[in-house]
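Trainee: Can you walk me through this one? I'd like to go from the overall fold down to single residues.

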Amino acid sequence: QVQLVESGGGLVQAGGSLRLSCAASGRTGNIYAMGWFRRAPGKEREFVAGISMSDSRTYYGNSALQGRFAISGDNAKRAVYLQMNSLKPEDTAVYYCAAQGSPSTWSRWGQGTQVTVSS
């Protein structure tokens, strides 16, 4: 089993920045990719960004987020980070770390970390 633990959420004013971290533990040898999702109040879960563990290739849910958010990873530590800049109130959500135990299948999830952006 793989366990994912997020950290770094909190309250920030609009225009500010936050950096989320996620560390994987347990049987991490078969992780293909790690990434971030978010769920805003009253909305469905949204894919934010992902990174391949084999070649560090990154991909984003939409180009608008890519301009403000940046995902990075440390394969040796089995960790992934999400740098969020120019935060907006609409970025308020619970952010979840996720891992792929097989290609294209997000099978492991963290408990989530709350990000609140005040206007």
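Mentor: What follows goes from the fold to the disulfide, then to some strands and loops.

Mentor: This is a predicted model, in which local features need pLDDT of at least 70 and side-chain atom pairs count only at pLDDT 80 or more, while totals for chains, interfaces and linings use all residues. Residues are numbered from 1 along each chain as its sequence is written, and side-chain values use heavy atoms, with hydrogens and water left out.

Trainee: How many helices and strands are there in the protein?

Mentor: The protein has one helix and 11 strands. Both are DSSP runs numbered from the N terminus, with helices being H or I of at least four residues and strands being E of at least two. In sequence order the pattern is β-β-β-β-β-β-α-β-β-β-β-β. The radius of gyration is 13 Å, close to the 14 Å that the globule rule gives for 119 residues, so the protein is as compact as a globular protein of that length. That radius is taken over C-alpha atoms, and the rule is 2.2 Å times the number of residues to the power 0.38.

Trainee: What does the C-alpha trace span along its principal axes?

Mentor: About 40 × 25 × 25 Å.

Trainee: And what percentage of the residues count as buried?

Mentor: 43% of the 119 residues. Buried means under 20% relative accessible area, exposed means over 50%, and partly exposed is in between, using a 1.4 Å probe and protein chains only.

Trainee: What share of the contacts is between residues 24 or more positions apart?

Mentor: Among contacts with a separation of 6 or more, 53%. A contact means heavy atoms within 4.5 Å.

Trainee: Disulfides next. Which cysteines are joined?

Mentor: Cys22 and Cys97, with an S to S distance of 2.0 Å. The rule asks for a pair of cysteine sulfur atoms within 2.5 Å, and by it the count is one disulfide. The link of Cys22 and Cys97 is left-handed, with -80° about the S-S bond. Cys22 lies in strand S3 (residues 18-26) and Cys97 in strand S9 (residues 93-102), so the pair ties together parts that are 75 residues apart in sequence.

Trainee: Is Cys22 buried or exposed?

Mentor: Cys22 is buried, at a relative accessible area of 2%. Cys97 is buried too, at 0%.

Trainee: What about S8: how many of its residues are buried?

Mentor: Five of the six residues of strand S8 (residues 79-84), so S8 is largely enclosed by the rest of the structure. S8 runs antiparallel to S3, with six bridges joining them. Leu18 stands opposite Met84 there. Strand S7 (residues 69-74) is also antiparallel to S8 and joined by six bridges, and Ser72 has Tyr81 in S8 as its bridge partner. Two strands pair if DSSP finds at least two bridges between them.

Trainee: What happens in the hairpin of S7 and S8?

Mentor: Four residues lie between the strands, and Arg78 takes a positive phi near 50°. Arg78 is buried, with a relative accessible area of 16%.

Trainee: Why remark on a positive phi?

Mentor: Because most residues other than glycine have a negative phi. Ser56 is another case, with phi near 60°. Ser56 sits in the loop between strand S5 (46-52) and strand S6 (58-60) and is partly exposed, at 47% relative accessible area.

Trainee: Now the loop between S8 and S9. Where does Asp91 fit in?

Mentor: Asp91 is in that loop and counts as buried at 1% relative accessibility. Its side chain makes a polar contact of 2.7 Å with the side chain of Arg68. A polar contact is a pair of N or O atoms within 3.5 Å; within protein, one must be able to donate a hydrogen and the other to accept it, and residues adjacent in sequence count only if both atoms are side-chain atoms. Leaving out residues up to four places away in sequence, Asp91 touches several others, including Arg38, Phe69 and Val115.

Trainee: And Thr92, buried or exposed?

Mentor: Thr92 is buried, at 18%, and lies in the loop between S8 and S9. A polar atom of the Thr92 side chain lies 2.9 Å from the backbone oxygen of Pro89. The backbone nitrogen of Val117 is 2.9 Å from a polar atom of that side chain.
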